[in-house]
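Here's a quick tour of one model, written with a computational chemist in mind. Have the viewer open while you read.

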Amino acid sequence: MGADAKTAMKVDMTEAAAKRIAKIVAGDPGKIALRISVEGGGCSGFSYKFDLVEGRNDDDVAIERDGATLLVDDLSLVYMGGSVVDFVDDLMGQSFQIKNPNAVAGCGCGTSFSI
């Protein structure tokens with residue numbers, strides 16, 4: 001796999017996302033990471049699912065930063081490659097946001113997209 005292909009299959013997280021993940025995991029004994037997966041459905045075709053998990057699966061890719069771990073399975077990585085996971089706290093509320101270069105359309109909920 002060339003350098004461009006490896007970059008395309010990579011997911012990053014911002015410092016804000018890492019801090020929020022670490023805080024959430026610390027407050028839930030037994031949980032070690034936040035898993036983001038892509039599922040069919042949602043108002044735009046695909047949707048992101050967020051889960052706190054107790055362990056890793058064999059097909060998980062782990063993204064680690066500042067003591068926080070984000071897990072993405074191989075299948076979801078196909079749809080999320082090149083994405084950046086951020087945590088935003090603004091007047092509209094607090095939420096994880098995924099900046100996905102593969103998405104050509106999204107919707108108001110922020111968790112549904114199409115490619």
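Where is D28 found? Look in the loop between α2 and β2. Keep in mind that this is a predicted model. D28 counts as partly exposed because its relative accessibility is 29%, and that class sits between under 20% for buried and over 50% for exposed. Its C-alpha atom is 8.6 Å from that of L52, although the two residues are 24 apart along the chain.

Next, the sheet. It's an open one with 3 strands in the order β1-β6-β7, and the pairing is mixed. β1 and β7 are the edge strands, each pairing on one side only. Between β1 and β6 the pairing is parallel, over 2 bridges, and D12 stands opposite V84 in β6. Lying across β1, β6 and β7 is α2, which runs at about 80° to β6.

Now for the core. The largest nonpolar core has 20 residues, and M13, I21, I36, L70, M80 and V85 touch the most other members. These elements each supply at least two residues of this core:

| Element | Residues |
|---|---|
| α2 | 15–26 |
| β2 | 33–40 |
| β5 | 68–73 |
| α3 | 74–80 |
| β6 | 84–90 |
| β7 | 93–99 |

α2 gives the largest share, 4 residues. In soluble globular proteins, nonpolar side chains tend to be buried together.

What is M13 in contact with, leaving aside its neighbours within four places in sequence? The list is A18, I21, I63, E64, R65, A68, L70 and V85.

Terms used. Residues are numbered from 1 along each chain as its sequence is written. This is a predicted model: local features need pLDDT of at least 70, side-chain atom pairs count only at pLDDT 80 or more; totals for chains, interfaces and linings use all residues. Side-chain values use heavy atoms; hydrogens and water are left out. A nonpolar core is a set of buried Ala, Val, Leu, Ile, Met, Phe, Trp, Tyr and Cys residues joined through side-chain atoms within 4.5 Å. Buried means under 20% relative accessible area, exposed over 50%, partly exposed in between (1.4 Å probe, protein chains only). Contact means heavy atoms within 4.5 Å. Two strands pair if DSSP finds at least two bridges between them. Axes are lines fitted to C-alpha atoms, for helices over the stretch in contact, and angles run from 0 to 180 degrees between N-to-C directions.
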